[in-house]
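Thank you all for making time this afternoon. I would like to walk through one model with you, going from some backbone details to the strands and helices and then to the ligand.

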Amino acid sequence: MTSDRPDATVDIADPDVIGPDAIGPDAIGPDAEATDIAALDAADPLRGFRSRFTLPEGVLYLDGNSLGALPAHTSERIARLVRQEWGEGLIRSWNEAGWYDLPRGLGDRIAPLVGAAPGQTVVCDSTSVNLFKVLTAARRLRPDRRVLVAELGSFPTDLYLTEGVGVAARDRRLLDRDGWTTDSLADLLADDTAVLLLSHVDYRTGELRDMAGITELAHRHGALVVWDLCHSVGALPVELDATGADFAVGCSYKYLNGGPGSPAFLYAAARHHDAAEQPLTGWFGHADPFAFEPGYRPADGIGRFLTGTPPLLSMAGLQAALDLWDEVDLTALRAKSLSLTSLFLELTAPLGLPSLTPAEPSRRGSQVSLRHPHAYAVMQALIERGVIGDFRAPDVLRFGFTPLYLSHRDVLDAATALREVLESGVWREQRFTASAGAVT
Ligand SMILES: Cc1ncc(COP(=O)(O)O)c(C=O)c1O
Ligand SMILES: Nc1c(O)cccc1C(=O)C[C@H](N)C(=O)O
């Protein structure tokens, strides 16, 4: 992948601890001796998952936090849906192939990944659409309160939806774009606050928020909490039930590897089901869709959050990806994620790029964001070398570390490539500096 790798070893953990416990944030410490990266990979309990993905030769993929990689058996699963279930089963497949049950069934397969007991999670629509549903439902559960608290720095769709649900500008309180703390959040909450919307992991900085503490704080003020899990599901264990979260949404095309545009999920705590009214009252959320009644009656339970016909081809991609997730030990996943991000932070520290990502492992998701005034050009130069991360305006190099298909060796290669791009100055070439307005 990259040439000229002078440092095949780095200063990391005590060699004695190499073994399954060596994978984790403590495996890479400042006072540690030189240890072989290959040993870290040999001790990785998740190493077998790499061969279950199809990735192009010569590509080091650090953008699984935007679009996850292709599980090797997904094409066959989608082909089976097309050829057999659709081509031969035709309309019968709604029942015989279980299409009708997929929104609830796949929701219950995502549930363990987000710490939810069965019956509280459905797969449907996009994260944006589901945000509209849960924000509206949560506001209607607090009719005497007007205020919605959100983050100025959140992924824009979250912010746009806080406008779209019809909160008056004066009733929208926004946390600062950078550096807000639980204390500054506490200052924004009051007994007029209906809903708090937060990202569990910030898409730009990779900061992980204290779901338990913040949920408890919001509840003390009588507010409901909606969590956006787009950058935490499949990146680390999430505990919705145990933390008392009210609602959550998340996408399945990033760390879950469901495929481009695969449907999102929506969680509503069981205690809200009877009273929750979501605004998109389509027939899939009706108590008896095939009664074709003229009036809307919501289904019991989580089914009332469904709206219309599910995108079956996309559901099949997610279904295949969840076959892998059924086998993943989330504790091992978290340990490896922190081991990878810690290693990358350590290896790139000498380059002097300010990091937006917290140094404390407990406050970190599964990405590293480094700042560079010419981040766009630097990332284009990296991509040309086969190291695919992404750029976030105005100056962020974003590197996603997906524990299922990346190794410590990949981290070393990526850090080496970044160092070479910076030291050579290749990014200054005109083909990199001309902004192409790329999508990702
Ligand atoms: C935090 C967050 N929320 C929402 C979305 C997007 O939602 P949608 O799938 O509706 O485009 C993204 C990424 O696209 C995201 O990073
Ligand atoms: N959803 C995306 C898309 O449709 C096109 C390009 C990128 C995306 C993303 O998911 C971006 C991602 N949410 C981010 O964290 O920046």
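Let me begin with a question: in the loop between which two helices does Leu 90 lie? Leu 90 sits in the loop between helix H2, residues 74-86, and helix H3, residues 93-96, and I should say at once that everything I describe comes from a predicted model. I picked Leu 90 for its backbone, since its phi is positive, about 50°, although Leu 90 is not a glycine. As a reminder, most residues other than glycine have a negative phi, and most peptide bonds are trans. Leu 90 counts as exposed, because there are 10 C-beta neighbours inside 10 Å, and the cut-off for that class is 12 or fewer.

Asp 125 also has a positive phi, near 50°, in a residue other than glycine, and Asp 125 is found in the loop between strand S6, residues 121-123, and helix H5. Is Asp 125 buried or exposed? With 25 other C-beta atoms within 10 Å, Asp 125 is buried, as the threshold for that class is 20 or more.

One further backbone detail is a cis peptide bond, which joins Ala 393 and Pro 394 with an omega of about 5°; Pro 394 lies in the loop between strand S15, residues 390-392, and strand S16, residues 396-400.

Let me turn now to the strands. Strand S7, residues 147-151, pairs in the parallel sense with strand S8, residues 172-175, over four bridges, and within this pairing the bridge partner of Glu 151 is Leu 175 in S8. Between these two strands the chain passes through helix H6, residues 156-164, in a β-α-β crossover that is right-handed.

S7 also pairs with S9, again in the parallel sense, over three bridges, with Leu 148 standing opposite Val 195 in S9. S9 itself is mostly covered, seven of its seven residues being buried. S9 pairs in turn with S10, in the parallel sense and over five bridges, and here Leu 198 stands opposite Trp 227 in S10. The chain crosses from S9 through helix H8 to S10, and this β-α-β crossover, too, is right-handed.

That brings us to H8, residues 211-220, whose buried residues are Met 211, Ile 214, Thr 215 and Ala 218. Why do these residues line one face of the helix? Seen down the axis of H8, the buried residues fall within an arc of 100°, and therefore they line one face. In general terms, an α-helix has 3.6 residues a turn, so residues three or four places apart point the same way. The cover over the buried residues of H8 includes helix H7 (182-188), strand S9 (193-199), strand S10 (224-228) and helix H9 (240-243). On the face turned away from the buried side, H8 carries the exposed residues Gly 213 and Arg 220. After H8 comes Gly 222, with a positive phi near 80°.

Finally, the ligand. There are 13 residues around ligand 1, and those that come nearest are Ser 126, Thr 127, Ser 128, Phe 155 and Cys 230. The elements giving two or more residues to this shell are helix H5, residues 127-141, and H6. In composition, the shell around ligand 1 divides into five nonpolar, six polar and two charged residues. With that, I am happy to take questions.

Technical notes
Residues are numbered from 1 along each chain as its sequence is written. Chains are lettered from A and ligands numbered from 1 in the order in which they are written. This is a predicted model: local features need pLDDT of at least 70, side-chain atom pairs count only at pLDDT 80 or more; totals for chains, interfaces and linings use all residues. Two strands pair if DSSP finds at least two bridges between them. A crossover is right-handed if, with the strands pointing away from the viewer, the path from the first strand over the helix to the second runs clockwise. A residue is near a molecule or strand if its C-beta atom, placed from the backbone, lies within 6 Å of it. Ala, Val, Leu, Ile, Met, Phe, Trp, Tyr, Cys and Pro count as nonpolar, Asp, Glu, Lys and Arg as charged, and the others, Gly among them, as polar. The arc is that of the directions from the helix axis to the C-beta atoms. Two residues are in contact if their C-beta atoms, placed from the backbone, lie within 7 Å.
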